Amino acid sequence: MKAVVIGSGPNGLAGAIALAQAGLEVEVREAEPQAGGGMRSAELTLPGFVHDVCSSILPLGAGSPFFRELELDVEWVHPDAPAAHPFDDGSALLLERDLDATAAALGRDALAYRRLLGPLVEGWRELERWPLSRRTIFGLRRRLGLHGLLSAARASLAAARPLAESSFAEESTRGWFAGHAAHSMLPLERRPSGGFGLALLTLGHAVGWPLARGGSRALAAALVAKLRDLGGEIRVSSPVDELPQADVVLADVSPRELARICGGRLPDGYRRRLLSYRHGPGAFKVDWALDGPIPWTASECARAATVHLGGSLGEISASEWGAWSGRPGGRPFVLLAQTSLFDGTRAPVGKHTAWAYCHVPNGSSLDRTEQIEAQVERFAPGFRDLILGRHTMGPAELEAHDRNLVGGDLNGGAMDLGQLFFRPVKKPVPYRTPLRGVYLCSSSTPPGGGVHGMCGYSAARVALGDVG
Ligand SMILES: Cc1cc2nc3c(=O)[nH]c(=O)nc-3n(C[C@H](O)[C@H](O)[C@H](O)COP(=O)(O)OP(=O)(O)OC[C@H]3O[C@@H](n4cnc5c(N)ncnc54)[C@H](O)[C@@H]3O)c2cc1C
């Protein structure tokens, strides 16, 4: 039986491997010259400086049940602490691997943090298998009891601002929590942005926030090697414009790309639903080659590979609302990765790389370089003097790099409640399309954005069930 997988992102490769494991003859077709989708790395600035073009921090990759099962040849590098959040007074809060150590730094909020996160960390082994969901719910109920399960579910579906304000007394804890929740690319007043914050904090304790030594391309290479070991093939520079002939087609593409590829073969209603799928804000990203490590005022920020720059809950909320509503302005909330501090292969000796991005309205052509660098300088005076080279990508450049990044949206579609469980359409099995043998498997299906491969794996399981 023959399968064609369109696209070689983490989901395409995961799906391809699952199909090859089941004995199908698998061919992956990738539009770009390199395989990997959001897992590619390149010398974007200067020779010898390796930058992750998209993803860099891979808690979902290291924690992915399917990737773990594959025993991939990847060296996961764990920074001393998963994430840091500096404040204007020169202090910082850190997400530590240890839940109690994290709580201890939160002062009056220590107990509230332990109460909120404890059950989620306890239940992580069940939660990580979502969307293979029946087992998730039963497993959580067994571990947490009905009351614990209901409270965890309530918190996970909450918006970040009310959750932070009702759970924490300290402004600093609220701001720190907001930085994690803002990864959702949702306004912090919108559900379930709070759940994203909780999920990332839980991952910090249960898995860590590691990076792949050598760049995210090392994870792509390991997946490609695994597929080839199983007899699968990859064809790069091979864009798919028409539905391939195969018993199974897995499409690691955006909903609108699926509609384009399938042309008139899709029923009108389904096609319309694909085309009305909502994308979230885009990203504006800067990569730097640096003459030295970033000189954080709060020196403990150097213990983490990820640093959240936005100060208070109010400031982060305003930034995220601006990106969502199409009216950006003021200081952007900046997510920064300083991977070369922990992986010496990414820069020449004594030099460093870093990337940072902020959220912008979908498709925006605004250049946010100046505002992003001002945010870094605010918490690390002297940063600008270290810049040896710079590379920027707005939504248009991101989409040119990977057509799944529609308008710069890196989550494969808005992750609000309406599109969290049922994406791209409201169907019990959203991977299956009305065309026999054709399945969508990108991050526009559950469980959504991030490098974890679980959309691809889940779609492959549905396909295998269908073909018997
Ligand atoms: C700037 C940025 C930073 C990010 N940081 C992180 C991070 O630190 N951690 C994290 O977990 N996630 C991060 N992400 C998100 C992550 O990269 C994505 O969620 C993930 O890659 C989605 O995987 P996917 O397989 O669904 O799609 P993709 O990785 O986007 O892969 C899709 C592939 O399909 C190909 N394709 C599409 N259409 C066709 C076609 N018609 N024919 C042939 N090929 C086609 C594309 O070229 C692409 O290679 C980031 C994303 C961006 C943009």
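The dialogue below goes through the overall fold, one strand and its neighbours, and the cavities of a predicted model.

Colleague: What should I keep in mind about numbering and confidence before reading this model?

Modeller: Residues are numbered from 1 along each chain as its sequence is written, and side-chain values use heavy atoms, with hydrogens and water left out. Since the model is predicted, local features need pLDDT of at least 70 and side-chain atom pairs count only at pLDDT 80 or more, while totals for chains, interfaces and linings use all residues.

Colleague: How many helices and strands does the protein have?

Modeller: Helices (H or I, at least four residues) and strands (E, at least two) are DSSP runs, numbered from the N terminus; here they come to 18 helices and 16 strands. The radius of gyration, taken over C-alpha atoms, is 21 Å, close to the 23 Å from the globule rule (2.2 Å times the number of residues to the power 0.38) for 468 residues, so the protein is as compact as a globular protein of that length. Along the principal axes, the C-alpha trace spans about 60 × 55 × 40 Å.

Colleague: Is strand S1 mostly covered or uncovered, and which strands pair with it?

Modeller: A residue is buried under 20% relative accessible area, exposed over 50% and partly exposed in between (1.4 Å probe, protein chains only). In S1 (residues 2-6) four of the five residues are buried, and in the protein buried residues make up 60% of the 468. Two strands pair if DSSP finds at least two bridges between them; S1 is joined to S2 (residues 25-29) by five bridges, running parallel, with Ile6 partnered by Arg29. S1 also pairs in the parallel sense with S10 (residues 248-251) over four bridges, where Ala3 stands opposite Val248.

Colleague: Which cavity is the largest, and what lines it?

Modeller: On a 1 Å grid over the protein atoms alone, a cavity is a set of points where a 1.4 Å probe fits but cannot get out, and lining residues have an atom within 4 Å of a point. Grid points are joined across faces, edges and corners, and a volume is the space filled by probe spheres set on the points. The structure holds four cavities of 30 Å³ or more, and the largest has a volume of about 60 Å³. Its lining includes Val50, His51, Asp52, Arg346 and Trp355. Strands S4 (51-52) and S14 (352-360) each give two or more residues to this lining, and S14 gives the most, with three residues.

Definitions and conventions. 1 Å grid on protein atoms, 1.4 Å probe; cavity = no way out; pocket = protein on both sides within 12 Å on 5 of 7 lines; lining within 4 Å.
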